[in-house]
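Let's take a walk through this model together. Have the sequence and the 3D view open side by side.

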Amino acid sequence: MEYLGPYKSVNKLSPKVSICVPTYQHASYVRQCLENILKQRTNFPFEIIIGEDESSDGTRDICIEYAEKYPHKIRLFLRNRRDMIKIYGRPTGRYNFIENIKAARGKYIAICEGDDFWTDTMKLQKQHDFMETYPDYSACLHDADIYSERTNRIIGSYSSTKPFNRMWKEKNYLELSDILQYWHAGPTASFFFRNIITTFPSWMYKIYGGDTGLMILLAQKGRIGLEKSKMSVYRFENSQSLTGQDRISATTVALHKIRESFYLMGHLGFRANIFLWKRIGWQFLVAIRNILR
């Protein structure tokens with residue numbers, strides 16, 4: 001349901017960029033996220049698409065407050081938890097994530113989850129200009145600081161951690177083989193991509209890493225540029241992130257990763273990439289090792 005209906009002033013806008021903000025249980029963070037998006041300085045119009053996944057901590061009230069205050073900028077979708085998709089038996093925000101992208105009307109889409117935030121007021125303009133300059137690229141990413149909620153400080157950056165230090169130091173762009181090799185691309189709050197994914201394959205609703213799945217789809221359509229500047233902050237170890245939740249057993253994780261790899265092989269072709277076979281072999285060894293312990 002789109003809050004305040006489809007006739008707000010933002011709905012009459014022809015945005016160049018759609019900013020997707022999936023949020024759930026982010027009452028402590030979402031104001032900072034939205035304020036920093038609203039501070040963006042651009043020479044083009046943009047819309048902010050908030051997908052609120054029926055939080056119980058006051059996040060929904062905050063999103064409604066902002067939607068009413070900025071009807072010329074914000075389109076708020078109030079999701080229902082009955083549409084929530086469980087993956088490996090665990091609740092996820094996948095439905096909200098994908099539906100936000102489907103609602104986007106811009107030529108380009110940027111993503112900033114409700115517990116992350118942007119730090120450069122020119123971020124959107126810089127990424128927009130890059131994509132306009134390189135029409136053969138499907139997306140571009142940038143570096144980000146990593147903020148630990150447990151220690152309340154910046155503990156590093158994406159480009160300084162594995163596997164990003166290898167990918168980002170050696171190259172200025174990513175290809176499909178890079179993402180399949182490392183099963184990651186970069187910080188989600190850095191995603192800026194062409195609005196070219198018209199349908200999502202069934203495996204996008206089954207694999208755990210929806211951000212990685214999205215980059216796999218985009219990498220099939222062009223290179224993904226890498227900007228070394230840090231223009232956002234990723235919150236690490238907060239209660240709603242994967243890093244802040246109880247971990248499932250290593251054996252279960254390994255078996256899920258094997259299944260995910262076969263999903264991708266079905267999509268890309270069983271001989272598509274050696275990295276998927278390597279991933280299956282390695283995770284099989286991990287599972288056997290943990291079973292025999």
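A residue is called exposed when its relative accessible area is over 50%, buried when that value is under 20%, and partly exposed in between. Keep in mind that you're looking at a predicted model. With those cut-offs, methionine 1 is an easy call: its relative accessible area is 67%, so methionine 1 is exposed. You'll find methionine 1 in the segment that comes before strand S1 (17-23). Leaving aside residues up to four places away in sequence, methionine 1 touches Leu76, Phe77 and Leu78. If you want a ruler check, go from methionine 1 to phenylalanine 117: the two are 116 residues apart in sequence, and their C-alpha atoms are 25 Å apart in space.

Next, follow the chain past S1. Glutamine 25 sits in the loop between S1 and H1, and its backbone deserves a look. Most residues other than glycine have a negative phi. Glutamine 25 isn't a glycine, yet its phi is positive, about 55°. Its relative accessibility is 17%, so glutamine 25 counts as buried. Asparagine 152 also has a positive phi of about 55° without being a glycine. That residue belongs to the loop between strand S8 (137-148) and S9. Asparagine 152 has a relative accessible area of 52%, over the 50% cut-off, and is therefore exposed.

Now for some helix packing. Two packed helices are described by the angle between their axes and the distance between the axes. Take helix H1 (residues 30-38) and helix H2 (residues 59-69): their axes come within 10 Å and cross at roughly 25°. An angle under 35 degrees counts as roughly parallel, and H1 and H2 are therefore roughly parallel to each other. The crossing of H1 with H2 is right-handed. On the H1 side, the contact is made by Val30, Arg31, Leu34, Glu35 and Leu38, which meet Thr59, Ile62, Cys63, Glu65 and Tyr66 in H2. Sorted by class, this H1–H2 contact has 6 nonpolar, 1 polar and 3 charged residues.

Further along, H8 and helix H9 (residues 274-292) give you another pair to inspect, with axes that come within 8 Å and cross at roughly 160°. Since that angle is over 145 degrees, H8 is roughly antiparallel to H9. Here the crossing is left-handed. The H8 residues in the contact include Ala254, Leu255, Ile258, Phe262 and Met265, and among their counterparts in H9 are Trp277, Ile280, Phe284 and Ile291. By class, the H8–H9 contact has 15 nonpolar, 4 polar and 3 charged residues.

Zoom in on one residue of this contact, threonine 251, which is found in helix H8 (residues 250-268). Is threonine 251 buried or exposed? Its relative accessibility is 17%, so threonine 251 counts as buried. Not counting residues up to four places away in sequence, threonine 251 touches Ala287, Asn290 and Ile291.

Histidine 128 is another buried spot, with a relative accessible area of 6%. This histidine 128 lies in helix H4 (residues 123-133). Beyond residues up to four places away in sequence, histidine 128 touches Lys16, Phe44, Tyr108 and Phe192.

Let's finish with the rings. A pair of aromatic rings is described by the distance of the centres and the angle of the planes. With a centre-to-centre limit of 6.5 Å, the count comes to 7 aromatic pairs. In one of them, tyrosine 134 and tyrosine 137 have ring centres 5.5 Å apart and planes at 50°, so the pair is tilted. Tyrosine 134 counts as partly exposed at 38% relative accessibility, whereas tyrosine 137 counts as buried at 11%. Another pair is tyrosine 158 with tyrosine 234, which is edge-to-face, at 5.8 Å centre to centre and 70° between the planes. Tyrosine 158 lies in the loop between strand S9 (153-157) and helix H5 (164-170), and tyrosine 234 in strand S12 (residues 223-236), so this pair ties together parts that are 76 residues apart in sequence. Tyrosine 158 is buried at 9% relative accessibility, while tyrosine 234, at 22%, counts as partly exposed. Back at tyrosine 134 and tyrosine 137, ring pairs link Phe130, Tyr134 and Tyr137 into a cluster.

Terms used: Residues are numbered from 1 along each chain as its sequence is written. This is a predicted model: local features need pLDDT of at least 70, side-chain atom pairs count only at pLDDT 80 or more; totals for chains, interfaces and linings use all residues. Side-chain values use heavy atoms; hydrogens and water are left out. Axes are lines fitted to C-alpha atoms, for helices over the stretch in contact, and angles run from 0 to 180 degrees between N-to-C directions. Helices (H or I, at least four residues) and strands (E, at least two) are DSSP runs, numbered from the N terminus. Angles under 35 degrees count as roughly parallel, over 145 as roughly antiparallel, 65 to 115 as roughly perpendicular and the rest as oblique. A crossing is left-handed if the near helix is turned anticlockwise from the far one by less than a right angle, and right-handed if clockwise. Contact means heavy atoms within 4.5 Å. Ala, Val, Leu, Ile, Met, Phe, Trp, Tyr, Cys and Pro count as nonpolar, Asp, Glu, Lys and Arg as charged, and the others, Gly among them, as polar. Buried means under 20% relative accessible area, exposed over 50%, partly exposed in between (1.4 Å probe, protein chains only). Rings of Phe, Tyr and Trp (its six-membered ring) pair if their centres lie within 6.5 Å; planes under 30 degrees apart count as stacked, over 60 as edge-to-face and the rest as tilted.
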